[in-house]
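Please load the model in your viewer, show it as a cartoon, and keep a selection prompt ready. The tour moves from the overall fold to single residues.

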Amino acid sequence: MSLYQLFDWLNKQGIKLSAQDGKLHLRAPKGVLSPEIQTILSERKAEILEFMTQNQQKIEKFIDLSAEAVLESTIYPENTATSLGTEPTSIFLTGATGFLGAFLLSELLQQTQAKIYCLVRGSELETAQGRLQNNLKFYNLWNSSFQSRIIPVLGDISLPQLGLTTATFSKLANEIDSIYHSGALLSYVYSYARLKPCNVLGTQEILRLACQSKTKSLHYISSFAVFESSAYSQKIVDENESLSDWEDIYLGYSQSKWVAEKLVMEARNRGLPINIYRSAFISGDSQTGIWKNNDIICRMIKGYIQMGSMPQLDYFLDLSPVDYVAQGIVYLSRQKQAIGKCYHLNNPHPYHWQNLFAWLCSLGYSIQLIPYQQWQKQLSATMRTNQNVLTSLIPFFCQEWGQEKITIPELYQQNIRPKISCQETINTLRETSIVCPAVDTALLKIYFSYFLSSGYLEPAS
Ligand SMILES: NC(=O)c1ccc[n+]([C@@H]2O[C@H](COP(=O)([O-])OP(=O)(O)OC[C@H]3O[C@@H](n4cnc5c(N)ncnc54)[C@H](OP(=O)(O)O)[C@@H]3O)[C@@H](O)[C@H]2O)c1
């Protein structure tokens, strides 16, 4: 029985579960807790507790994010920066076993001569090296000449000193010139508390590394999720936005990115040379179509096809191909006059949701466009079988927030979200060949041929 089936079943018996302080609490009507139920609950306790803790958002409705965004007072650059890292000899990269990280690693290897120290989770260097290599191979980016310049460092972003010994931390602090911080925990259902160690405290550890001994330039990967406060609704948000508003950011992931970016901004105020790169949804490679398949957009496409329905939303799909994002970041990071800034790597030519529906129909998939509430009911019904790729994202699609009782996907609609301007970024990239491809039929053709050839999607019958 899947967890969802189990919850459904317990609910029907009137049994209510909750998690607090790492313990599972249970309320049940008299006489319902049969020995059979007690056995199931005790056997699956750890799994249930894990799930309930991940969904703490429902419990932790209010978090004062501004109180969270306080950078440790000891984190100050120890020296003034001598070089801005535009021609680095040693780079420290996080997230290189991930999606964007693979493209950043490949781009850094091609555009610089530097050694790239990559922070990787694990216990053996050899395995870590293999993970980095396999990830590049998966995205079709591997080149054997890269091998000697990729240096794995075993660690964990969510731990003090990134899980490194003091000696290793100091050695890296003395040696590296630049840091690219792409590593993060991405989840649309985890709570802020669950994400904080990696996304917030981990960013603070990165800032500590950047400040210690030699002052390093830091390139921090952020997200437009930081603008989910209603204060930005309908506003034009450009690269110089100060990011002062945080009230009613509901999603744990967005909260963690807001707090982390504020810490980064504070470190910049203290004199650390930092660029911030905000991205919209990052989509597959615009040339090969290769895309991280457990990404939310891929799962939505597959989930709609599996369900035979998609919700009506007045929404523009803002997808930035991963090759554009990585090339943009690496180019911008190497411009001397362009340090200390924010850049917006969103797509100036997004795609309306309704067009995605038309596109799926044109491929022969049998899909209906239905009102959001109706679609939510259909999605909830998938809990019984757990055979839809969106089932584990039900809290994201169904949880209602605030006085307006609004779900996050509804919040992303055109009439509520801010209008993101990327004009300054485009102006800085103007002299280059780095251009964000429009989200159009040509790009979707590339993505869908990858989905089909990799077996991620079945062709329409
Ligand atoms: N993808 C998007 O649509 C999108 C949009 C806007 C902004 N961003 C930002 O872009 C960055 C990269 O995203 P992505 O799509 O490349 O994510 P991803 O594919 O999930 O990769 C995340 C990377 O972070 C690493 N990581 C996670 N927790 C870690 C920890 N505790 N210690 C060490 N490494 C850890 C992962 O390592 P493992 O392989 O060990 O898990 C992986 O290498 C993130 O900062 C994200 O917030 C992404």
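What follows is a walk through the chain as a whole, then one annotated region, then a few residues to select in turn.

**The whole chain**

Begin with everything selected, and keep in mind that this is a predicted model. With the cartoon coloured by secondary structure, the chain shows 17 helices and 17 strands. The radius of gyration is 23 Å, close to the 23 Å that the globule rule gives for 461 residues, so the chain is as compact as a globular protein of that length. If you align the view to the principal axes, the C-alpha trace spans about 70 × 50 × 45 Å along them.

Switch next to a surface representation, where the accessible surface of the chain comes to about 20,000 Å² and carbon and sulfur atoms account for 50% of this area. Of the 461 residues, 54% count as buried. A contact map would add that, among contacts between residues at least 6 apart in sequence, 78% join residues at least 24 apart. Colouring by charge brings out 39 positive and 40 negative side chains, and the centres of these two sets lie 3 Å apart.

**Residues 93–329**

Now select residues 93–329, which UniProt lists, in an unreviewed entry, as "domain: Thioester reductase (TE)". Over this range the chain is 40% helix and 18% strand, and the C-alpha atoms at the two ends are 13 Å apart.

**Leu-132**

Go on to helix α6, residues 125–138, and pick Leu-132 within this helix. Is Leu-132 buried or exposed? Leu-132 has a relative accessibility of 0% and, because the cut-off for buried is under 20%, counts as buried. Showing its surroundings, and leaving aside the neighbours within four places in sequence, you will find Leu-132 in contact with Ala-96, Thr-97, Cys-118, Val-120, Ile-150 and Pro-152. A distance label drawn from the C-alpha atom of Leu-132 to that of Gln-147, 15 residues apart along the chain, should read 9.9 Å.

**Gln-161 and Leu-162**

Select the loop between β5 (150–154) and α7 (166–175), where Gln-161 is placed; Leu-162 lies in the loop between β5 and α7 as well. The backbone torsions deserve a check here, since Gln-161 has a positive phi of about 50° although it is not a glycine, and Leu-162 has a positive phi of about 60°, again without being a glycine. What is the relative accessible area of Gln-161? The value is 22%, and Gln-161 is therefore partly exposed, whereas Leu-162, at 0% relative accessibility, counts as buried.

**His-352**

Finally, move to strand β15, residues 351–352, where His-352 is found. His-352 counts as buried, with a relative accessibility of 14%. Which residues does His-352 touch, leaving aside its neighbours within four places in sequence? The contacts are with Leu-313, Asp-314, Tyr-315 and Phe-316. To end the tour, draw a distance from the C-alpha atom of His-352 to that of Leu-185; the two residues are 167 apart along the chain, and these atoms are separated by 28 Å.

Terms used. Residues are numbered from 1 along each chain as its sequence is written. This is a predicted model: local features need pLDDT of at least 70, side-chain atom pairs count only at pLDDT 80 or more; totals for chains, interfaces and linings use all residues. Side-chain values use heavy atoms; hydrogens and water are left out. UniProt positions are given in the numbering used here, feature names are shortened, and annotations may be inferred rather than shown by experiment. Helices (H or I, at least four residues) and strands (E, at least two) are DSSP runs, numbered from the N terminus. The radius of gyration is taken over C-alpha atoms; the globule rule is 2.2 Å times the number of residues to the power 0.38. Buried means under 20% relative accessible area, exposed over 50%, partly exposed in between (1.4 Å probe, protein chains only). Contact means heavy atoms within 4.5 Å. Accessible areas come from the Shrake-Rupley method with a 1.4 Å probe; for residues, only the protein chains shown count as cover. Lys and Arg count as positive and Asp and Glu as negative; His and the chain ends are not counted. The place of a charge is taken as NZ of Lys, CZ of Arg, CG of Asp or CD of Glu.
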